[in-house]
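I opened the model to look up its fold, its strand pairing and its surface. My entries follow the structure.

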Amino acid sequence: PQKKILRLISLAGEDFNRFKHFLDIVQSFAIKTGCSGLELWGRKGWKKLLPDWESNYIVYSKDLKHRMQ
């Protein structure tokens, strides 16, 4: 609550090597704008690709498509 965070709401795709450059740019932007951290919302599988990131919480979701008809 006492810090400025840059939050990436979603990150998805194929070929993670292309995203590494993007994440470097985002990190530089965050530092230049006074952010002390980054948050990224993504699936559990991203953890193995982001070893220096911590997993702090889980977002739960519920599919309601079957109730829309």
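Before listing any patch I fixed the rule: a patch takes residues with over 30% relative accessible area and no salt bridge, and nonpolar side chains are joined within 5 Å. The model is a predicted one.

**Entry 1. Nonpolar patch.** I looked for nonpolar side chains on the surface under that rule. Ile 9, Trp 41, Tyr 57 and Val 59 make a nonpolar patch of about 400 Å². I checked Val 59 on its own. Val 59 sits in the segment after strand S2, which spans 37-40. Its relative accessibility is 57%, so Val 59 counts as exposed.

**Entry 2. Elements of the chain.** How many helices and strands are there in the chain? I found 1 helix and 2 strands. Read from the N terminus, the order of the elements is β-α-β.

**Entry 3. Strand pairing.** I then looked at how the strands lie. S1 and S2 run parallel and are joined by 4 bridges. Between S1 and S2 the chain passes through helix H1, residues 16-32, and this β-α-β crossover is right-handed.

**Entry 4. Faces of S1.** I went along S1 side chain by side chain and noted that they alternate. Leu 6 and Leu 8 point to one face and are buried. Ile 5 and Arg 7 point to the other face and are not buried.

**Entry 5. Salt bridge.** I followed Arg 7 across to the neighbouring strand. Opposite Arg 7 in S2 stands Glu 39. The side chains of Arg 7 and Glu 39 meet in a salt bridge, with 2.7 Å from N to O. Arg 7 belongs to strand S1 (residues 5-8) and Glu 39 to strand S2, so the pair ties together parts that are 32 residues apart in sequence. My count of salt bridges comes to 1. Are the two partners buried or exposed? Each falls in between: Glu 39 is partly exposed with a relative accessible area of 22%, and Arg 7 is partly exposed with 45%.

**Entry 6. Lys 3.** I looked at the segment before S1, where Lys 3 has its place. Lys 3 counts as exposed, at 59% relative accessibility. I also took a C-alpha to C-alpha distance from Lys 3 to Cys 35: they are 7.4 Å apart in space and 32 residues apart in sequence.

**Entry 7. Leu 40.** Leu 40 is found in strand S2. Is Leu 40 buried or exposed? The cut-off for buried is under 20% relative accessible area. Leu 40 has 19%, so I entered Leu 40 as buried. Its C-alpha is 9.3 Å from that of Trp 53, and the two residues are 13 apart in sequence.

**Entry 8. Whole chain.** Last, I checked the overall dimensions. The chain has a radius of gyration of 15 Å, whereas a compact globule of 69 residues would have one near 11 Å. Along the principal axes, the C-alpha atoms fill a box of roughly 50 × 35 × 20 Å. I also noted the buried share: 19% of the 69 residues count as buried.

Notes
Residues numbered from 1 in each chain as written. Predicted model: local features only at pLDDT ≥ 70, side-chain atom pairs only at ≥ 80, totals over all residues. Heavy atoms only, no water. Patch = residues over 30% accessible without salt bridge, like charges linked within 9 Å, V, L, I, M, F, W, Y side chains within 5 Å. Areas by Shrake-Rupley, 256 points an atom, 1.4 Å probe, with all protein chains shown as cover. Salt bridge = Lys/Arg side-chain N within 4 Å of Asp/Glu carboxyl O. Buried < 20%, exposed > 50% of the residue type's maximum accessible area, 1.4 Å probe, protein only. Pairing = 2+ DSSP bridges. Right-handed = clockwise from strand over helix to strand, strands pointing away. Rg over C-alpha atoms; globule rule 2.2 N^0.38 Å.
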